Amino acid sequence: MKIIHQLKEMQRDTALHRSEGKSVGLIPTMGALHEGHLSLIRAARQENDRVVVSIFVNPTQFGANEDFDLYPRNLVTDAKLAEESGADVIFNPSAKDMYPSDLCTSITMGSIAEGLCGRYRPGHFDGVAIVVNKLFNLVNPHRAYFGQKDAQQVQVIRKMAEDLNMGVEIVACPIIREADGLAMSSRNVYLKPEERISARLLSQALREGQEWVKKDLQDPEVLREKLRQILESDPAIQVQYIEIVHPESLHPLKNLEKPILIALAVFIGSTRLIDNIIIT
Ligand code: AMP
């Protein structure tokens, strides 16, 4: 496996493989790889000749009071895990190369980025969009793999790729969870032991939500209240949002007709966690 830091070298690497008729799959990540990321690498391995994992903690998607400085970074461990899962290349550019001081282009995502996390993280999805756009230009993949864990991110990227005719196939992969249901996340390491126990309630609430929908509950407001009660039964959990929306448009649903995306964000202590479920 090759580790590439230079932008031009990354472009040359794909150009060479494309000229030989090979397909290229990209998995954009911020590192601190866990089974969730590795499942994306394995999926890309199945479908592409060349698998590129980008590792870049992207400053433009962090808000001023968020955890950019604290975010876990460990290239050596990540490289080992990525290689074992089938990566051919790790692309690890520097922030200086990605964002030279004279960068003056920006991307503004519209309505798709307004609800859910977008409401509480202004500018976040514009930051995601610009970095993914740059990564697509640098890696020039045929396919790019994203986790359903970040449900809004998948739809933002799909919309951008479609709107700008990027010609990259966007592949969404299922959420990988710990044995007790907690969705894997690089941020789970921030949780103190007692907070880690509280965090189980997120997936429990979503599963209960699914049961109510199965039992033919009709009113999204009633469902939202039930979920809120479950989460707030633990004083350690502070709900940021619980949204019941269409899984593609992300528009709020007026009644519980499938398909349904239930998405939520909470704080446990100072750690922000998100999770979601799609009911079809
Ligand atoms: P991140 O490094 O957090 O930016 O995540 C990189 C990619 O991995 C994103 O497409 C995430 O949605 C995906 N991902 C993160 N956690 C999980 C998970 N538990 N299951 C599936 N995909 C995940």
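**Exercise 1. The six-stranded sheet**

In what order do the six strands of the open sheet with parallel pairing stand, and which strands are at its edges?

Solution. The model is a predicted one.
Step 1. Read across the sheet: the order is β1-β4-β3-β2-β5-β6, and the pairing is parallel.
Step 2. Look at the two ends. β1 (2-4) and β6 (169-173) each have a single partner strand, so one side of each has no neighbour in the sheet.
Step 3. Compare directions. On average, neighbouring strands of this sheet are turned by 25 degrees against each other, direction ignored.

**Exercise 2. One pair of strands and the helices on the sheet**

Find how β3 and β4 pair, then state which strands α2 and α3 meet.

Solution.
Step 1. Strand β3 covers residues 50-55 and strand β4 residues 89-91; three bridges join them in the parallel sense.
Step 2. Within this pair, Val52 has Val89 of β4 opposite.
Step 3. Helix α3, residues 75-84, packs on the sheet and touches β1, β3 and β4. The direction of α3 makes about 145 degrees with that of β4.
Step 4. Helix α2, residues 35-47, lies across β2 (24-29), β3, β5 (143-147) and β6. The angle of α2 to β5 is about 155 degrees.

**Exercise 3. The surroundings of the ligand**

How many residues surround the ligand, and which are the closest? List its contacts with Gly147, Asp150 and Met184.

Solution.
Step 1. The count is 17 residues, and the closest are His37, Gly147, Asp150, Ile176 and Met184.
Step 2. Take the oxygen contacts. An N or O atom in the side chain of Asp150 is 2.6 Å from an oxygen atom of the ligand. For Gly147, a backbone N or O atom lies 2.9 Å from a ligand oxygen atom.
Step 3. Take the nitrogen contact. A nitrogen atom of the ligand is 2.9 Å from a backbone N or O atom of Met184.
Step 4. Turn to cover: on its own the ligand has 480 Å² of accessible area, and the protein covers 93% of this.
Step 5. Assign the shell to elements. β2, α2 and β5 are the elements that give two or more residues, and α2 gives the most, with three residues.
Step 6. Sort the shell by class: nine residues are nonpolar, six polar and two charged.

**Exercise 4. The three-stranded sheet**

Which strands form the open sheet with antiparallel pairing, and which helix lies across β7, β8 and β9?

Solution.
Step 1. The order of the three strands is β7-β8-β9.
Step 2. β7 (237-245) and β9 (271-279) stand at the edges; each has a single partner strand, so one side of each is without a neighbour in the sheet.
Step 3. Here neighbouring strands are turned by 15 degrees against each other on average, direction ignored.
Step 4. Eight bridges pair β7 with strand β8 (residues 260-268) in the antiparallel sense. Tyr241 is opposite Ala265 in β8.
Step 5. The helix is α9, residues 200-214, which runs at about 25 degrees to β9.

**Exercise 5. Two backbone details**

Where is the cis peptide bond between a lysine and a proline, and where is Ala32 found?

Solution.
Step 1. Start from the general pattern: most peptide bonds are trans, and most residues other than glycine have a negative phi.
Step 2. The bond joining Lys258 and Pro259 is cis, with omega about 0 degrees. Pro259 lies in the loop between β7 and β8.
Step 3. Ala32 is not a glycine, yet its phi is positive, at about 55 degrees. Ala32 sits in the loop between β2 and α2.

Technical notes: Residues are numbered from 1 along each chain as its sequence is written. This is a predicted model: local features need pLDDT of at least 70, side-chain atom pairs count only at pLDDT 80 or more; totals for chains, interfaces and linings use all residues. Side-chain values use heavy atoms; hydrogens and water are left out. Two strands pair if DSSP finds at least two bridges between them. Helices (H or I, at least four residues) and strands (E, at least two) are DSSP runs, numbered from the N terminus. Axes are lines fitted to C-alpha atoms, for helices over the stretch in contact, and angles run from 0 to 180 degrees between N-to-C directions. Contact means heavy atoms within 4.5 Å. A residue is near a molecule or strand if one of its heavy atoms lies within 4 Å of it. A polar contact is a pair of N or O atoms within 3.5 Å; within protein, one must be able to donate a hydrogen and the other to accept it, and residues adjacent in sequence count only if both atoms are side-chain atoms. Accessible areas come from the Shrake-Rupley method with a 1.4 Å probe; for residues, only the protein chains shown count as cover. Ala, Val, Leu, Ile, Met, Phe, Trp, Tyr, Cys and Pro count as nonpolar, Asp, Glu, Lys and Arg as charged, and the others, Gly among them, as polar.
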